[in-house]
Structure formats: C-alpha cells, structure tokens
Amino acid sequence: MARSLKFPSDLEELQELADFLQYYNKEYHAYVILLFCSAYLYKQTFAIPGSGFLNILAGALFGPWIGLLLCSTLTSVGATCCYGLSNIFGKNFVIYYFPDKVTMLQRKVEENRHSLFFFLLFLRLLPMTPNWFLNLASPVLNIHVTQFFFSVLIGLTPYNFICVQTGSVLSQISSLENILSWSNLFKMLAIAMMALIPGALIKKFSQKHLNLDKSEQKSHWLNGRKCN
C-alpha cells in the first residue's frame, strides 16, 4: 500500500490522504502523530498557507478533542517559530516586499497599543489580514513574543475547532442516515455556534475599545477570508 505523501490541495486529495493514514494509524499511531506534527510545524514555520486542510485531517485521524489540542498547540508553536525566523532573518524582507501592509499594521498597532492583546485577537478572529503575514510581520511591529504566542493560541482556537470538527464529522459520514444522526447534528450545531460567537463578541469589543477605521473594517469583513 505504498504511495507518495504530499500536502493535499483539494478535498479529494485530503480524503485520499485521510484514508491512507487511517490505515496506518491503527498500527503505527505514534509514527502517524509524529508525521502529522512534523508536517504541521513545517507549514507554520515557513508561512506556507493551507493548514486548514491539516486541521480537517486531524479531526478525521485523531478525533475532535485530541485533534483540536494538537492543532491549537502546533499552530501556536509553529507560528512562534515563524516569528523567530522572521525576527532573525526576515525583517528586511517583510519591509521590502510588503511596505504598505507593514505601514498600515504599524499604524493600527500603535493606535491600539493600550489594548494590544485584544487587537491581536481581533486580527486573528476576523479575516482582515492573512495569518501567515501576521506571523512574519509581528517582529517588525515590535509585538512581544509572549503576546504573540497567546494571541495565536486563543485567537485561532475557534477556527481550528471548526476545521477539526468538520474533519471528525466527515470521517463518520458514509450515508445520508449518518448525516442526520443526533451526534453529527450536534457537532454541526457546535461548528456553527463556534463560527458565529467569537466574531460577534470581538466585533462588539472592538467597537468600544479599539481604534479602527470603520470603512476599512467593513471592507475587510465583506471581502476578506481566513488564510493560514
């Protein structure tokens, strides 16, 4: 059953990879976890978009709660590794290739320095700026690594939860009856609630405590999307 492994680029490839790894996960669980962690950290450390597929894969392989714990931890550790690489080697690169974005973010960070942690959560929870760019730009913006780490850990947990739960649900569906089971309906309801509640709360908080350009904010909410 040998085959080459690669990062999935669509749902069909993701399903094939999940089926393949589930076969080995029964006998070589520790090795599958090691492989998954290595792949996840690689993508996060080098700011490669597409970790959403790996979150879904985690739900299919390890279940909703272990998958969520793994993904939240790996997201935070990998993003912090990316922060470290950018801090040592990438500051000039980020400033040279993304001057406008860096200037805009620097202005927003300074305006919200009094509530910086909540502003960082706002950026993670709402799709204003791609996560990979935030990871690279944070050292340039003089964001302390501790605030950075916990903003990633907390701010991306809802997104990770949605993806992991989706993977867990999809791995259990083999017919229409499975979709309509109470267990899966409850999980899909939890996914919907997790998608709506954090965004609503952070939006309400931001209107009261953060300095945001409303027209710019509205434009990002309408046109942006979450990119890892």
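**Exercise 1. Determine what share of the chain is buried, and describe its overall build.**

Solution. Of the 228 residues in the chain, 44% are buried. The model under study is a predicted one. Its secondary structure consists of 12 helices and zero strands. The chain exposes about 12,400 Å², and carbon and sulfur atoms supply 66% of that area. Among contacts with a separation of 6 or more, 76% join residues 24 or more positions apart.

**Exercise 2. Establish how helix 1 and helix 2 are oriented to each other, and which residues make the contact.**

Solution. Begin with the geometry: helix 1 (residues 11-25) and helix 2 (residues 29-45) pack at an angle of about 140°, and their axes are 8 Å apart. Next, apply the cut-off: roughly antiparallel requires an angle over 145 degrees, and roughly perpendicular covers 65 to 115. The two helices, helix 1 and helix 2, are therefore oblique to each other. Finally, the contact involves Leu21, Tyr24 and Asn25 on the side of helix 1, and His29, Val32 and Leu35 on the side of helix 2.

**Exercise 3. Analyse the salt bridges that involve Glu111.**

Solution.

1. The whole structure contains four salt bridges.
2. One of them joins the side chains of Arg107 and Glu111, at 3.6 Å from N to O. Both residues belong to helix 5 (residues 99-111) and lie four residues apart, about one turn of the helix.
3. Glu111 also meets Lys108 in a salt bridge, at 3.9 Å from N to O. Glu111 and Lys108 are three residues apart in helix 5, again about one turn.
4. The spacing has a general explanation: an α-helix has 3.6 residues a turn, so residues three or four places apart point the same way.
5. Arg107, Lys108 and Glu111 are thus linked in a network of salt bridges.
6. To classify the members, note that buried means under 20% relative accessible area. Lys108 is buried because its value is 4%. Arg107, at 41%, is partly exposed, and Glu111, at 31%, is also partly exposed.

A further salt bridge pairs Glu110 with Arg113, their closest N and O atoms being 2.7 Å apart.

**Exercise 4. Compare Ala47 and Asn142: where is each found, and is each buried or exposed?**

Solution. As background, most residues other than glycine have a negative phi. Ala47 has a positive phi, near 55°, and Asn142 has a positive phi near 60°. Ala47 is found in the loop between helix 2 and helix 3 (51-62), whereas Asn142 is found in the loop between helix 7 (131-137) and helix 8 (145-155). With a relative accessibility of 17%, Ala47 counts as buried. Asn142, at 55%, counts as exposed.

**Exercise 5. Identify the residues of the nonpolar surface patch and the helix that gives the most to it.**

Solution. The patch covers about 660 Å² and is made by Phe7, Tyr42, Phe46, Leu85, Ile88 and Phe89. Helix 4 (residues 64-97) gives the most, with three residues. Ile88 has its place in helix 4, and its relative accessible area of 63% makes it exposed. Leu69 is likewise in helix 4 and counts as exposed at 58% relative accessibility. The C-alpha atom of Leu69 is 9.2 Å from that of Asn160, although the two are 91 residues apart along the chain.

**Exercise 6. Decide whether helix 6 is mostly covered or uncovered.**

Solution. Helix 6 (residues 116-125) has 10 residues, of which seven are buried, and is mostly covered. The buried residues are Leu116, Phe119, Leu120, Leu121, Phe122, Leu123 and Arg124.

Methods. Residues are numbered from 1 along each chain as its sequence is written. This is a predicted model: local features need pLDDT of at least 70, side-chain atom pairs count only at pLDDT 80 or more; totals for chains, interfaces and linings use all residues. Side-chain values use heavy atoms; hydrogens and water are left out. Patches are made of residues with over 30% relative accessible area and no salt bridge: like charges are joined within 9 Å, nonpolar side chains (Val, Leu, Ile, Met, Phe, Trp, Tyr) within 5 Å. Accessible areas come from the Shrake-Rupley method with a 1.4 Å probe; for residues, only the protein chains shown count as cover. Buried means under 20% relative accessible area, exposed over 50%, partly exposed in between (1.4 Å probe, protein chains only). Axes are lines fitted to C-alpha atoms, for helices over the stretch in contact, and angles run from 0 to 180 degrees between N-to-C directions. Angles under 35 degrees count as roughly parallel, over 145 as roughly antiparallel, 65 to 115 as roughly perpendicular and the rest as oblique. Contact means heavy atoms within 4.5 Å.
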